[in-house]
Each structure stands twice: as C-alpha cells, then as structure tokens.
Amino acid sequence: MNNKLSKPYQLAGLKLIGFQFTVAVFATLIISIIWGSSAALSAFAGGMVAVLPNFVFVLYAFRFVGASKMEQVYKSFKRGTSLKFMLTIVLFVLIFKTITIVPLALFGCFILVNYAQWSSAIFFNH
C-alpha cells in the first residue's frame, strides 16, 4: 500500500533515526564512564524514549507522497504524530515504574537525542 515515491523519504527518515540512535549510544557510553551504570541505564532509556517514537512516526508519516494522495498524507501524518506522542508518554510511564532512574541522565539524553534531529541537516543532504 506504500507509495513508491515515498521510499526515499522513508529512507532519509530512517537514516535520521540511525543517527539519533548513535547519539544515544555515545551519550550512554560517556555517561557510563563519568557517572556509572545506573546513570548509563537511565541515559539509554531516555535516548530510546526519543528514538522509538520517532521510528514509529517515520513509518507512518512517510507512507504516501504527492498531491493526488493529499488525504492519505494528512491521515498518515496525523496518525504518526498521535502515535509518537502516546508512545512517548507510555514509555516514560514504564520507565518511571520499572527502573530506578537518574533524572538528569534520563532527561538529558532524551533532550540531546531530540536536538540531534535538528543538527542532522549538517550531516545529511536529503
């Protein structure tokens, strides 16, 4: 059901998700060296709270492209944004209920990974 024209945009989005995942892993490694394993677990969890919903958004939002599919584009972006928002909330709730967190590491890595998508224009041409 996917539009063949949307494939390059999905691949660009997935490349961005890979970049965000890499930023999350590097931040986790640095925090692990500085603060230890519990902070590293919190940082990785924060990074994944940013990466996983963005992955779901990319899968939904870039399914269709073109003026003839305007209604499908609108619906897929709307669904992708809604799922991203709900998944972010659910993941934060699960993390707060299941693991002992270091708040600065968790939220710091979450914010860092989200900022990474803004700096991605430097690294990617698409």
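Which residues of helix 1 are buried? Keep that question in mind as you open the model.

**Before you start**

This is a predicted model, where local features need pLDDT of at least 70 and side-chain atom pairs count only at pLDDT 80 or more, while totals for chains, interfaces and linings use all residues. Residues are numbered from 1 along each chain as its sequence is written, and side-chain values use heavy atoms, with hydrogens and water left out.

**Stop 1: the whole protein**

Show everything as a cartoon. You should find four helices and zero strands, running α-α-α-α from the N terminus on. Helices here are DSSP runs of H or I with at least four residues, strands are runs of E with at least two, and both are numbered from the N terminus.

Now switch on the surface. The accessible surface comes to about 7800 Å², and 73% of it belongs to carbon and sulfur atoms; the area comes from the Shrake-Rupley method with a 1.4 Å probe, and for residues only the protein chains shown count as cover. Of the 126 residues, 36% count as buried. Buried means under 20% relative accessible area, exposed means over 50%, and partly exposed lies in between (1.4 Å probe, protein chains only).

**Stop 2: helix 1**

Select residues 7–35, which make up helix 1. Its 29 residues reach 41 Å from the first C-alpha to the last, close to the 42 Å expected at 1.5 Å a residue. The expected span is 1.5 Å times one less than the number of residues.

Here is the reply to the opening question: the buried residues of helix 1 are Gln 10, Gly 13, Leu 16, Ile 17, Phe 19, Gln 20, Val 23, Ala 24, Ala 27, Thr 28 and Ile 31. Click on Gln 10, which has 8% relative accessibility. Then draw a distance from its C-alpha to that of Ala 61: the two are 51 residues apart along the chain, yet separated by 8.5 Å.

Just after helix 1, pick Gly 36, which takes a positive phi of about 110 degrees.

**Stop 3: the nonpolar core**

A nonpolar core is a set of buried Ala, Val, Leu, Ile, Met, Phe, Trp, Tyr and Cys residues joined through side-chain atoms within 4.5 Å. The largest one has 24 residues, and Val 49 and Val 113 have the most contacts inside it. Helix 1, helix 2 (37–61), helix 3 and helix 4 each give two or more residues to this core. Helix 2 gives the most, with eight residues.

Which residues is Val 113 in contact with, leaving aside its neighbours within four places in sequence? Show its surroundings and look for Gln 20, Val 23, Ala 24, Gly 47, Ala 50 and Val 51. Contact means heavy atoms within 4.5 Å.

**Stop 4: Phe 55 in helix 2**

Phe 55 is found in helix 2 and is partly exposed, with a relative accessible area of 35%. Not counting residues up to four places away in sequence, Phe 55 touches Leu 14 and Ile 17. From Phe 55 to Gly 80 is 9.5 Å, C-alpha to C-alpha, with their positions 25 residues apart in sequence.

**Stop 5: helix 3**

Move on to residues 70–98, helix 3. Its 29 residues should span 42 Å at 1.5 Å a residue, and its end C-alpha atoms are 42 Å apart, which agrees. The buried residues here include Val 73, Ser 76, Gly 80 and Thr 88. Select Thr 88, whose relative accessible area is 16%. Beyond its neighbours within four places in sequence, Thr 88 is in contact with Val 49, Pro 53 and Phe 110.

Next, find Lys 84: it lies over the face of Phe 57, at 5.5 Å from the ring centre. A charge sits over a ring if NZ of Lys or CZ of Arg is within 6 Å of the ring centre and within 35 degrees of the ring normal.

**Stop 6: the aromatic rings**

How many aromatic pairs does a search of the whole structure find? There are six. Rings of Phe, Tyr and Trp (its six-membered ring) pair if their centres lie within 6.5 Å; planes under 30 degrees apart count as stacked, over 60 as edge-to-face and the rest as tilted.

Phe 96 and Phe 107 form a tilted pair, 6.1 Å centre to centre with 50 degrees between the planes. Phe 96 lies in helix 3 and Phe 107 in helix 4 (residues 103–123), so the pair ties together parts that are eleven residues apart in sequence. Both rings belong to residues you can colour as partly exposed: Phe 96 at 43% and Phe 107 at 35%. Add Phe 92 and Phe 110 to your selection, and you have one aromatic cluster of Phe 92, Phe 96, Phe 107 and Phe 110.

**Last stop: Pro 103**

Finish at Pro 103, found in helix 4 and partly exposed at 46% relative accessibility. Its C-alpha is 8.5 Å from that of Ala 39, although the two are 64 residues apart in sequence.
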